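Visitor: I should like to understand how the terms applied to this model are justified. May I see the structure before we begin?

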Amino acid sequence: MHAVHFGAGNIGRGFIGALLYQAGYHTTFVDVNDSIIRALNSEEQYDVVLAAEESETLTVKNVSGINSISNPDAVMQAIVQADIVTTAVGPNILPVISELIAKGLRERLKSNKQSLNLIACENMVGSSTTLKENVYKYLADDEQAACADMFGFPDAAVDRIVPNQTDEDILQVSVEPYYEWVVEQTAIKGDRPPISGITYVNDLKPYIERKLFTVNTGHAAAAYVGRDMGYTAIHEAVRDDNVQAIMQGALQESGEVLIQTYGFDREEHQQYIDKIIERFMNPYISDEVTRVGRGPIRKLGPNDRLIRPATLYMDLTGEAPKYLAKTIAAALNYHTNGDEEAVKLQAMIAEQGYIRTLQIVADLEADDPLIDIIMQELE
Ligand SMILES: NC(=O)c1ccc[n+]([C@@H]2O[C@H](COP(=O)([O-])OP(=O)(O)OC[C@H]3O[C@@H](n4cnc5c(N)ncnc54)[C@H](O)[C@@H]3O)[C@@H](O)[C@H]2O)c1
Ligand SMILES: O=P(O)(O)OC[C@@H](O)[C@@H](O)[C@H](O)[C@H](O)CO
């Protein structure tokens with residue numbers, strides 16, 4: 001079996017690649033980072049190290065790589081032959097890889113009559129659906145119709161904390177032991193990919209929203225409030241009582257939204273929150289606040305981990321989402337020169353002020369009450 005995976009980064013190598021290997025696939029990683037691609041082709045394997053008191057190492061074999069900038073034709077051919085295509089490149093990169101995927105699918109329609117599933121493993125609601133919409137922009141109407149018959153784009157939720165890597169072996173990845181990969185089975189074409197680590201569900205929405213509005217909401221609170229208070233690592237930030245109080249408060253608010261929307265059991269949801277906070281505290285992982293806070297404009301988007309639960313909380317309870325608002329305020333104050341979006345956000349604020357910037361990035365109406373609530377917290 002052959003897998004093509006776009007994005008040989010932290011989660012690509014540390015999670016998806018590992019599960020594909022364990023399921024018996026040869027994985028061709030597609031990336032623009034030439035050092036990683038060269039290393040994959042020369043080593044043909046890499047280590048995934050579980051960051052825990054009793055560390056374990058899995059050697060992921062049967063891997064190779066293609067640089068999509070220098071060898072796009074090889075990527076197209078790999079898509080023609082593939083049994084599954086996955087991505088973990090970041091939501092902003094999905095439009096960038098879509099043209100090449102469209103070319104690969106067009107080529108495949110001519111010679112390979114097997115169905116294919118393409119699963120985007122990005123932290124967003126509707127990642128594979130977004131990939132599909134972008135891929136279809138490059139296909140004519142008749143090609144789209146043929147693709148709709150043959151190719152599935154099941155949405156997915158992926159959860160495993162994989163920090164930026166520091167080992168001198170550029171392929172080695174240190175990961176937390178926990179993982180969850182949930183895939184929407186109703187959108188699958190042909191047989192379900194035989195990957196034992198995947199949980200197939202009929203309705204993905206509760207799973208992706210529970211993950212995004214708990215793991216990622218809590219993580220964002222720790223990162224933005226932690227950064228504001230001078231912390232560099234997540235496990236240190238979450239040990240600060242002030243950070244902890246805001247993060248816990250934000251998770252109670254997003255939890256209320258999830259419980260009211262999906263009918264989750266209150267006690268079980270609290271256990272889910274507690275487990276996640278324990279994961280953030282893992283002393284064997286050093287996760288930088290700048291990785292977790294990366295892309296603040298994306299994270300302040302209307303459907304992302306902060307604005308969406310805050311809006312729903314107001315709608316459902318009629319109350320102010322005080323702790324989510326504190327986190328959003330900290331996100332608006334997020335400064336770091338190494339992050340293009342953080343620099344852009346601060347330039348927008350300097351030029352247009354907080355209120356207008358928030359309206360633009362969060363797509364809020366000028367009279368949305370959330371704006372005032374956030375501004376009060378900002379002060
Ligand atoms: N790291 C985590 O803890 C984690 C967990 C769950 C989900 N995710 C999601 O996985 C995705 C990737 O995150 P990450 O942490 O692995 O980031 P990362 O930066 O480590 O990896 C992204 C990879 O994509 C590559 N890339 C960039 N442009 C590309 C292009 N045009 N074609 C092919 N490859 C390209 C980069 O070179 C990099 O290797 C994001 O959507 C993230 O939200 C991450
Ligand atoms: O990947 P992002 O930028 O959407 O979010 C940063 C982290 O919260 C995220 O990568 C988590 O580590 C991951 O979602 C855990 O499953």
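**Terms and the values behind them**

Guide: Around ligand 2, the shell residues divide into three nonpolar, four polar and three charged. The model is a predicted one.

Visitor: Which residues surround ligand 2?

Guide: The shell consists of N123, D159, R160, I161, V215, N216, H219, V292, R294 and G295. Each has its C-beta atom, placed from the backbone, within 6 Å of the ligand.

Visitor: What makes residues of this shell count as charged or as polar?

Guide: Asp, Glu, Lys and Arg count as charged, whereas Gly is among the polar residues. The shell includes D159, R160 and R294, and its charged residues number three.

Visitor: From which domains does the shell around ligand 2 draw its residues?

Guide: At least three residues come from each of domain 1 (2-203) and domain 2 (206-378). Among the elements, helix α7 (residues 205-228) gives the most to this shell, with three residues.

Visitor: Which residues come nearest to ligand 1?

Guide: Of the 26 residues around ligand 1, the nearest are G7, G9, N10, E122 and N123. Two or more residues are given to this shell by each of α1 (10-22), β2 (26-31) and α4 (94-111). The greatest contribution is that of α1, with three residues. By class, the shell around ligand 1 holds 15 nonpolar, eight polar and three charged residues.

Visitor: Why is G7 called buried?

Guide: The cut-off for a buried residue is 20 or more other C-beta atoms within 10 Å. G7 has 25 C-beta neighbours inside 10 Å, and therefore counts as buried. G7 lies in the loop between β1 and α1. Leaving aside residues up to four places away in sequence, G7 touches G12, D31, T87, A88 and V89.

Visitor: Why does G9 count as partly exposed?

Guide: G9 also has its place in the loop between β1 and α1. A partly exposed residue falls between the limits of 12 or fewer for exposed and 20 or more for buried. With 19 C-beta neighbours inside 10 Å, G9 falls in that interval and so counts as partly exposed.

Visitor: What does UniProt list for this part of the chain?

Guide: In an unreviewed entry, UniProt lists A3, V4, H5, F6, G7, A8, G9, N10, I11, G12, R13 and G14 under "binding site". An unreviewed UniProt entry also places the feature "domain: Mannitol dehydrogenase N-terminal" at residues 1-196. In the model, that span is 36% helix and 26% strand, and its end C-alpha atoms lie 14 Å apart.

Visitor: What makes strand β1 mostly covered?

Guide: Four of the five residues of β1 (residues 2-6) are buried. Five bridges join β1 to β2, and the two strands run parallel. In this pairing, H5 stands opposite F29 in β2.

Visitor: How do you know that β7 and β8 pair?

Guide: Pairing requires at least two bridges between the strands. Two bridges join β7 (residues 116-120) to β8, so the requirement is met. These strands run parallel, and N117 stands opposite G152 in β8.

Visitor: In what order do the strands of the open sheet stand, and why are β5 and β8 placed at its edges?

Guide: The six strands follow the order β5-β2-β1-β6-β7-β8, with parallel pairing. Each of β5 (63-67) and β8 (151-152) has a single partner strand, so one side of each is left without a neighbour in the sheet.

Visitor: Why is Y179 described as partly exposed, and which residues does it touch?

Guide: The count for Y179 is 17 C-beta neighbours inside 10 Å, so Y179 is partly exposed. Y179 is placed in the loop between β10 (173-175) and β11 (180-184). Not counting residues up to four places away in sequence, Y179 touches F15, D159, R160 and G197. Y179 and R160 are 19 residues apart in sequence, yet 4.7 Å apart in space, C-alpha to C-alpha.

Visitor: What is notable about the phi of N62?

Guide: Phi of N62 is near 55°, a positive value in a residue other than glycine. N62 sits in the loop between β4 (57-61) and β5. N62 has 17 other C-beta atoms within 10 Å, and is therefore partly exposed.

Notes. Residues numbered from 1 in each chain as written. Chains lettered and ligands numbered in written order. Predicted model: local features only at pLDDT ≥ 70, side-chain atom pairs only at ≥ 80, totals over all residues. UniProt positions renumbered as here; feature names shortened; annotations may be inferred. Domains from an automatic or database assignment. Contact = placed C-beta atoms within 7 Å.
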